[in-house]
Structures are given as C-alpha cells and as structure tokens.
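Work through these exercises on aromatic rings and their neighbours. Each task comes with a stepwise solution.

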Amino acid sequence: MMATFGCNLRPDFFLESQYIPLNHGSFGAYPRALRPLLHYFQEKAETHPDRWLRREMFPVLQENREAVANMIHCDPEELAFIMNASYGMNTVLRSIPMKEGDKILCFSTAYNAVDRLLAYIQDSRKAKLVQLELIYPLSDQQILDMTREAIEREGPESFKLGVFDAISSVPGVRFPFEKMCKLLKEYNILSLVDGAHAIGQIPLDLHAVDPDFFTTNCHKWLFAPRGTALLYVPKRNQRLIHPAIINVSYKDHRDLEDQRSSYQDEFSWPGTIDFSSYMCVKQALKYRDSLGGEDKIQTYCNDLARKGGQIAANILGTDVLENDEKNLTLHMVNVRLPLQNTTLTDSQITNHFYDKLMYEHNTMASPYKHNNKWYARLSAQVYLGEEDFEHAAKALLSVCSDLNKQ
C-alpha cells in the first residue's frame, strides 16, 4: 500500500513531533528508513578501514551512481559524487581556463554563495561579469529575450560562460534553464547550471537538455543524507574540469589532442572523508518509490505549494509571487509579507524572523527581500498538509505585526 501524504507521514522522518517544518528547501531531511544503511556503511569503514576505503566501497559507490544516472538520464561516468552544489560550482568556475576580459553571463538571483564565488572569479581572473537583473514575476520569454539582447550587445564572442539556476533559491522559482542552455549553444557559450534545488523537485533529462556543466544536491529534495550532491560533466568537457581538492590523480588535459579522461579518478578520492551518505542515494530512490514514485511526489508537493501559498496569502492579506503562465511555483511558494516602515536593518529583520519563528512558533519559512518587498519562501513536502501552511502563515503574521511596531 502506498503512503498517504501529509502530517501522518512525518514520523517517517526525524523531525520533532511539534515542529512545523516549512523550510525543507534550506537543508532537506532524510527518512528514518535510510539510517540503518547509513550506519552500516559507517561501521564498515571502522571495522576494516583499509579494506573498505581502498577496495570495497568503490563498487557500492558505482551502484549508487548508476541508480541516480538512470533517474536523470545520463551516463554514470559523467557523474561525480560531491559534498554539495556549492562545491560543484566552485569546481567548475575555478577550473575553466579564463583570460583577462573574458565575460561571464549571470543573474541577480544567483545563490548568495555563488554570487560571491563569481566576485572571486572576477577579482582573481580579471573576468568581467555581465549580470542581468531579474525582477519577478517574469515570464520565461522575458528572461530569454533580455539574455539574447545582452549577448548581442556585449558581443557573443566575448563570453566564456553563462551561469544560472534551474530553480533559484530566493525567490524560490523555476528558471527556464533548458531553453537557456539551448540559447547559449547558439552563441557557443558554455553553460553552468546551479541545480541545487532540482533533483527530486522536477524531472531531469540531462542528455536532452545537454548543459555543459550541472550540479545538484541530493540532500535537499531527493531525501539523501546531508552532504550528498552530484556534478554532471559530459565527456566532451571532462578534460576541462578538476575538483576543488586536487588529489594524486590530477592530469593536465588542455592539449586538444589528448582524449583521455581522469575525471572519475580525480573526483573519487577527495581525501579521507565519510563516503557513507553517497551510498544511501539508491536507498533514497527506493523510499521514494515506496511512496508512489516521482510523479506522485512531485504532483503532491506542487499542488500543496500552490494551495498552501494561497492560504498563507489570504491570512497575510497579500499575494503569491507568480507570473501569468503560472510556472514559477514548484515545491516552493513565495508569499509577500505585510511589512511596513520598520526601522530595523535587513539583517536584523531576517534574524528577528528566524528567532521568533523557531523559538516562539516552532516553525520556519525563509524570509527574504526581493525588489524592495519582503517575502517568505514556504516549502511543500510529503510530510506536510494545508494546515501546516496555515500555522506558518499565522506565525509570520504575528512576527510581521511585531516588526511593524519597531
């Protein structure tokens, strides 16, 4: 029998029974069903570390890589397990050869750590960032049109790379990454997709989309333990990429005549770490199958986000951030907050929300500012129901009322 979604499924996870967790998008959560396997692999590493870490863990890692490759439609040899999407973004951006003046196309909604990474690349490589400001709600076509205009204006031949999300963090909205990859190919510009929120939230076919580089977190929406992510590099580009932590397998493949790849060897051993979370991806997929599979999970979460977002907007007396096509909202919904003229700084406001929501209302939804308006990003998940959005909205309203007095 397939599970019934909602709060009755919450005991499947380690979440406190009275906690109303509408912030799955930040840190994820993994089900209790994975813990015995996680501990089993950790014990294997302790009982005979040499045998396990030198030989026996690698076939297990390969099995997990094959399972997830099948899900996202790519070759297992194009995937590397990494600790998180930020590591993946660092790996690619710090690997790509650049010369002074090379341009990188990027967007104002980049994840804050990626924004700082791009600033570092600009400072250290003397690259030029061409950042396009996105003020939502926007249609896919508006984003693609402004991108094409910028490329034509700046000169296509001057661009080395385009960096963009599959689903942005704040606002938590879907980005037309498939069409953006295709657009950049028209101009021979490499594409790097930050898919931190992608796997488990939307169907992925990486061979069909054909990005030049793609990274995604398995510990957010796929239910793997934290510290589990993927870096996808198609074989044509593997000679360009080296991990952020260089190991003994490093090889220089800049010579175009050199068709060898050391990609798997370079990524397979980042030094001594706990590899156990990577080995639980296959089991996470089995758990998702036990719930009814990807379509059922994604349909439930998308429907709940839309219904729950409207419930929250009604309670707050505001609205949901959405475009005319209604394609921005997936598992995360963005609801405007009724904040007035508070005298606090943005950082003070954010931390006030954190503390009040966590410690007084025992819930969480990520507050953020976009286009000089404050929003809350609420995450839908299989262990939540509409009543949880109502609880969170009332908590947000209470905090807003408190802030409007300051």
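A charge sits over a ring if NZ of Lys or CZ of Arg is within 6 Å of the ring centre and within 35 degrees of the ring normal. The model used here is predicted.

**Exercise 1.** Find which residue lies over the face of phenylalanine 14, and which lies over the face of phenylalanine 5.

*Solution.* Start with phenylalanine 14. Arginine 35 lies over its face, at 4.1 Å from the ring centre. Now take phenylalanine 5. Here lysine 296 lies over the face, at 5.2 Å from the ring centre.

**Exercise 2.** Classify the ring pair of phenylalanine 81 and tyrosine 278, then place both residues in the chain.

*Solution.* Step one: the ring centres are 5.1 Å apart and the planes stand at 15°. Planes under 30 degrees apart count as stacked, so this pair is stacked. Step two: phenylalanine 81 is in strand S2 (residues 79-82). Tyrosine 278 is in the loop between helix H9 (263-268) and helix H10 (281-290). The pair links distant parts of the chain, 197 residues apart. Step three: both phenylalanine 81 and tyrosine 278 are buried.

**Exercise 3.** Classify the pair of tryptophan 269 and phenylalanine 275, and decide whether each residue is buried or partly exposed.

*Solution.* The centres lie 5.5 Å apart, with the planes at 25°, so the pair is stacked. Next, apply the burial cut-off: buried means under 20% relative accessible area. Tryptophan 269 has 28% relative accessibility, so it counts as partly exposed. Phenylalanine 275 has a relative accessible area of 4%, so it is buried.

**Exercise 4.** Name the residues that form one aromatic cluster.

*Solution.* The cluster is formed by Phe13, Phe223, Tyr287 and Tyr383.

Technical notes:
Residues are numbered from 1 along each chain as its sequence is written. This is a predicted model: local features need pLDDT of at least 70, side-chain atom pairs count only at pLDDT 80 or more; totals for chains, interfaces and linings use all residues. Side-chain values use heavy atoms; hydrogens and water are left out. Rings of Phe, Tyr and Trp (its six-membered ring) pair if their centres lie within 6.5 Å; planes under 30 degrees apart count as stacked, over 60 as edge-to-face and the rest as tilted. Helices (H or I, at least four residues) and strands (E, at least two) are DSSP runs, numbered from the N terminus. Buried means under 20% relative accessible area, exposed over 50%, partly exposed in between (1.4 Å probe, protein chains only).
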